[in-house]
Structure formats: C-alpha cells, structure tokens
Amino acid sequence: MMKKWMLAVLLLVLGNLAFSQTGSVAQKLMQEVGQKYNGYSKLKLDFSLKVTDKKQQNTFGDDGVAFLDLKADKYKVDMADQTIISDGKSQWSILKEEREVQLTEVDHNDQSISPANLFTFYDKGFKSTLAKDEKLGATVLKVVDLSPMDTKRQYSKIRLRINNATKEIYDATVFDKSGSMYTYTIKKLQTAANIGNEVFTYDKSKYPQYELVDLR
C-alpha cells in the first residue's frame, strides 16, 4: 500500500510542477517556470526520492528516471520497486515485488494528474504562498507553498523550491496528513528528442510470471 501511495505522490508532484496560481507574486513566478518548460517536446528526468516518516522516525530514499513525450501524452517512470508506462491510452503500473501489473485507462479529464501534463496542468484548487527564499550554496531558491482548497485530499501542502536564476524546479515536497513527507529532487533534466516509442510500450515478455490485473 505504501508503494502505491508513493507512486500516487510522484504523479501528484509531476502534475503540479507548473500551474496558474492566485496571488500576483506566486502567479508571476509560476508563469515564468511554465514558460521555461512549455517549449519542450520530449524530456528525460533523473530524480531522487526521500521519504521521512515522522511517526516511526524512519527515513529512506530511492532514485528514479522519467521519460516523457509531452506532445503525445506518453510517459514512463522507472524506480527500483515500481514502474509505470503509458502509451497515451492505457497505463501499466508494474509492482515488482508483488510481481503484479495493474492495467488502467488513462484519465484525460482536465483535472486529472499524470506525468504527461506535468508542465501544462493548470489547477485552480490551491492557495499559494510565497515563502522565504532559501540558499543552497550560492544558489537562491524561491519557495512556494501550495495548500489545497479541497480539505479531503490526503496531503496538507506541497512545497516547491525553484532555482531563481534558471526558473527550473529544484525539488518538491508533499506533506502527507499522516505526518510523512515525500521529497522529489530533480537531479538532471535532458531535452531528449531521440526517445523512441518503444520506451512507452508495455512489453509483457520483460515481466514473465507477473499477474496482469485489468482494472479498465
């Protein structure tokens, strides 16, 4: 269950990297971030995950990579224990430890969140606050806190830290209501125009003896 929630949190973070905000200062900053990314077609993101469970006082981390075809709404997110692949119509969620593949349809609702719309997803359901700048060495990071207006969501806040010089996302932290924190740091971003369609195609031969659960 924890792994499925971690994957959902990742989709949430990717889906909220650039969107319209209320509040002129935060809105202007997010517009600048959006302009930085909106011209891209295909991207490769290397990222790291840090999970802090305050209740159990545990911390662990993982690394992953995301391949994105923004024009065709295709994506692949690969981590040690789980992978998600979408060809724009269907999504395969591969749980490696459970040896299970969950097949679902892609939700093309305007309010849905997925890696395919990470730089074009505009959500009006947040209250934004520009927090105090932070420094990472000589790098100035602008900090934006996003609080959901829907109090039924599983998280209380998303915090984005943005490189002020490049207007690129440095990291995003989701504050879960259970007290856990999920921090995704973008370690490297490449405009990888040579990503082939095979990256976004589920090949069952690569996952022998996995149970396919069709949830469509």
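The legends below accompany close-up views of a predicted model.

**View 1. Overall make-up of the predicted protein, with 2 helices and 12 strands.** Read from the N terminus, the elements follow the order α-α-β-β-β-β-β-β-β-β-β-β-β-β. Of the 216 residues of the protein, 50% count as buried, and the surface that the protein exposes comes to about 11400 Å², with carbon and sulfur atoms supplying 48% of it. Among contacts in the protein with a separation of 6 or more, 53% involve residues that are 24 or more positions apart.

**View 2. The open sheet of 12 strands and its two edges.** Across the sheet the strands are arranged as β7-β8-β9-β10-β11-β1-β2-β3-β4-β5-β6-β12, and their pairing is mixed. Strands β7 (126-136) and β12 (211-214) stand at the edges, where each has a single partner strand, so one side of each is left without a neighbour in the sheet. From one strand to the next, the twist averages 20 degrees.

**View 3. The antiparallel pair formed by β2 and β3.** Strand β2, which covers residues 58-69, and strand β3, which covers residues 74-79, are joined in the antiparallel sense over 6 bridges. Within this pair, A66 of β2 stands opposite V77 in β3.

**View 4. The surroundings of A66 in strand β2.** With a relative accessibility of 1%, A66 counts as buried, because that value lies under the 20% cut-off. When neighbours within four places in sequence are left aside, the residues in contact with A66 are L43, K44, L45, F47, K76 and V77; V77 is also the residue that stands opposite A66 in β3. A66 and I84, which are 18 residues apart in sequence, have a C-alpha to C-alpha separation of 9.4 Å in space.

**View 5. The hairpin of β5 and β6.** Strand β5 (residues 90-95) runs antiparallel to strand β6 (residues 100-105), and 6 bridges join the two. S93 stands opposite Q102 in β6, while in the hairpin, which has 4 residues between the strands, R99 takes a positive phi near 55 degrees.

**View 6. The parallel pairing of β6 with the edge strand β12.** Strands β6 and β12 pair in the parallel sense over 4 bridges, in contrast to the antiparallel run of β5 and β6. L103 has D214 in β12 as its bridge partner, and β12 (211-214) is itself one of the strands that stand at the edges of the sheet.

Note on methods:
Residues numbered from 1 in each chain as written. Predicted model: local features only at pLDDT ≥ 70, side-chain atom pairs only at ≥ 80, totals over all residues. Heavy atoms only, no water. Pairing = 2+ DSSP bridges. Axes fitted to C-alpha atoms, helices over the stretch in contact; angles between N-to-C directions. Buried < 20%, exposed > 50% of the residue type's maximum accessible area, 1.4 Å probe, protein only. Contact = heavy atoms within 4.5 Å. Areas by Shrake-Rupley, 256 points an atom, 1.4 Å probe, with all protein chains shown as cover.
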